[in-house]
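Me: Please pick one part of this structure and take me through it closely, from its immediate partners out to its wider surroundings. I would like one connected account rather than a list.

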Amino acid sequence: MSDTHNDTHDGTGGGMGTGTDSGTRGGTSYDVVVIGGGAGGLNAALVLARARRRVAVVDAGQPRNAPSPHMHSFLSRDGASPLAVLEIGRAEVERYGAVLLDGRVEQVEAAAAGGYHVRLDGGAVLDARHVVLATGLRDHLPDIPGLRALWGGDVLFCPYCHGYEVRDRPLVVLGVHPFSVGQALLIRQWSPDVTYVDHGQGLAEEERERLAARGVRVVEGPVAGLSARDGALRAVELADGREVPCAAVFLFPVMTPNDAAFDGLGCEKDERGWLVTDRAGRTSRPGLWAVGNAVDSRAQAVTAAAWARPPPSRSTTTSSTRRASGTSPGTAPAASSRPSRPPRSGGRAGHRGGGARTDPGGGPVRARRRFSRRRRARSAPGGRVHASARPGGRTG
């Protein structure tokens with residue numbers, strides 16, 4: 001297997017105070033060091049710089065989506081070059097005084113006096129009170145001749161990112177991952193001409209039935225390579241000499257997080273070996289944060305950027321933080337390293353069993369659902385919603 005780089009690139013102690021100018025101007029001490037200059041890292045830096053924090057972004061310049069000529073499903077930037085979008089983002093971040101550094105972080109270490117030392121590959125050391133890991137993930141591609149040269153062009157992973165551009169054309173899905181059958185079933189949405197090549201892995205009878213039900217053809221046998229002409233994919237070549245002509249190939253790569261910078265700091269990981277965070281990006285160690293593909297392989301660029309939002313207020317922070325702790329880079333330190341639990345709500349919107357569970361927007365999930373039910377109950381076909389069923393009591 002081989003690997004590619006990431007969606008962002010290649011860490012901090014107690015909570016921040018409320019001052020607006022922490023750190024020494026022109027020095028190497030920062031409120032927050034963001035590791036990775038992709039969508040997630042740059043947007044985190046933008047939010048923090050606008051909050052008048054002293055911020056540095058360290059970026060190795062190897063974004064995961066660099067091989068793709070265009071990015072999609074990013075509102076206002078659909079169809080733009082990924083690298084051009086990052087250049088715009090860097091300029092916006094610098095406008096608010098954040099420092100952009102080219103380089104790679106080798107390790108984040110806990111400082112004896114609190115906070116963290118961020119060691120760069122050139123020997124420089126940055127001191128930070130908080131560190132945001134936004135280093136993305138690594139795609140490990142199968143060792144198939146001709147595949148890497150077409151990766152990001154005619155060899156693709158995400159149909160939501162690139163499926164529309166190859167709609168209604170002959171497509172092949174390679175059976176190189178446990179999720180490959182599901183990927184083929186999904187890609188059938190974009191084209192009626194989809195072939196699943198099992199790459200010698202075989203199929204269970206249930207999988208065959210599901211593929212047949214969706215009209216996906218199955219070709220069995222190991223893949224010998226991808227054939228291209230003038231830089232464009234022509235066909236998938238099988239070991240026995242057969243060819244499957246196609247306009248694009250989809251595959252599901254093996255993905256691993258780029259989180260080595262946090263090694264040795266004791267951050268909790270899940271059963272797959274990925275960092276555990278709460279919805280605001282807190283890891284289990286105070287002052288260390290992680291966002292985007294470094295913690296969620298499903299996050300698109302727009303999702304990674306949306307991650308960098310102010311965390312919920314203490315009144316809505318709950319035990320659903322999955323045991324992660326620490327304080328927000330934009331808030332004063334909490335009295336305890338444990339996330340605070342809100343008081344129990346009373347009345348009809350009360351949440352049995354403790355504090356209200358929150359959704360990514362910070363609002364109580366069950367309370368919102370009850371609100372929706374009340375709104376529907378008080379609405380008449382063609383009529384207006386009762387004032388008490390609208391936020392703020394407004395009618396419309």
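Reply: Happy to! One definition first: two strands pair if DSSP finds at least two bridges between them. Please also keep in mind that this is a predicted model.

The part I have picked is strand β10, residues 171-174. Which way do its side chains point? Leu 171 and Val 173 face one way, Val 172 and Leu 174 face the other, and all four are buried. In a regular strand the side chains alternate between the two faces of the sheet. Under 20% relative accessible area counts as buried, so that cut-off holds for residues on both sides of β10.

Now to the partners. The sheet is an open one of five strands in the order β9-β16-β10-β11-β12, with parallel pairing. Its edge strands are β9 (155-156) and β12 (217-219), each of which pairs on one side only. In that order, β10 sits between β16 and β11.

On the β11 side, four bridges connect β10 with residues 194-197, and the two strands run parallel. Within this pairing, Leu 171 has Val 194 as its bridge partner, and Val 172 has Thr 195. To get from β10 to β11 the chain passes through helix α5 (residues 180-187), and the resulting β-α-β crossover is right-handed.

On the other side, three bridges hold β10 to β16 (residues 248-250), again in the parallel sense. There, Val 173 stands opposite Phe 250.

A little further along the chain is Phe 252, in the loop between β16 and β17. Its C-alpha lies 8.0 Å from that of Leu 174, although 78 residues separate the two in sequence. Setting aside neighbours within four places in sequence, Phe 252 is in contact with Phe 157, Val 176, His 177, Phe 179, Ser 180 and Gln 183. Two of these, Ser 180 and Gln 183, fall within the 180-187 range of α5.

What lies on the Val 172 and Leu 174 face? Both belong to the largest nonpolar core, which has 26 residues; they are among the members that touch the most others, along with Leu 147, Val 155, Leu 226, Val 236 and Val 249. In soluble globular proteins, nonpolar side chains tend to be buried together. Returning to the largest core, the elements that give it two or more residues are β8 (137-141), α3 (147-150), β10, β13 (223-229) and β14 (232-238). The largest share is the three residues from β14.

Val 236 shows how this core reaches back to our strand. Leaving out neighbours within four places in sequence, its contacts include Val 172 and Leu 174, together with Val 223, Gly 225, Leu 226 and Val 249. Charged residues also appear among its contacts, including Arg 242 and Glu 243. A separate, second core holds 23 residues, among them Tyr 30, Leu 126, Leu 265 and Leu 288.

Strand β8, one of the contributors to the largest core, leads on to β17: the two pair in the antiparallel sense over four bridges. In that pairing, Arg 138 is found opposite Thr 256. The faces of β17 are unlike those of β10: Met 255 and Pro 257 point to one face and are buried, while Val 254 and Thr 256 point to the other and are not.

Past β17 come some charged pairs, part of the 11 salt bridges in the structure. One of them joins Lys 269 and Asp 259, with N and O 3.5 Å apart. Both residues lie in the loop between β17 (254-257) and β18 (288-290), 10 residues apart. Are the two ends buried or exposed? Lys 269 counts as partly exposed because its relative accessibility is 37%, whereas Asp 259, at 7%, is buried. Another pair is Asp 278 with Arg 282, whose closest N and O atoms are 2.7 Å apart; both of these residues are buried. Elsewhere, Asp 59, Arg 90 and Asp 102 are joined into one network by salt bridges that share partners.

To set β10 in the whole chain: the protein has eight helices and 18 strands, and 47% of its 396 residues count as buried. Its accessible surface is about 19,100 Å², 50% of it belonging to carbon and sulfur atoms.

How values were computed: Residues are numbered from 1 along each chain as its sequence is written. This is a predicted model: local features need pLDDT of at least 70, side-chain atom pairs count only at pLDDT 80 or more; totals for chains, interfaces and linings use all residues. Side-chain values use heavy atoms; hydrogens and water are left out. Buried means under 20% relative accessible area, exposed over 50%, partly exposed in between (1.4 Å probe, protein chains only). A crossover is right-handed if, with the strands pointing away from the viewer, the path from the first strand over the helix to the second runs clockwise. Accessible areas come from the Shrake-Rupley method with a 1.4 Å probe; for residues, only the protein chains shown count as cover. A nonpolar core is a set of buried Ala, Val, Leu, Ile, Met, Phe, Trp, Tyr and Cys residues joined through side-chain atoms within 4.5 Å. Contact means heavy atoms within 4.5 Å. A salt bridge is a side-chain nitrogen of Lys or Arg within 4 Å of a carboxyl oxygen of Asp or Glu.
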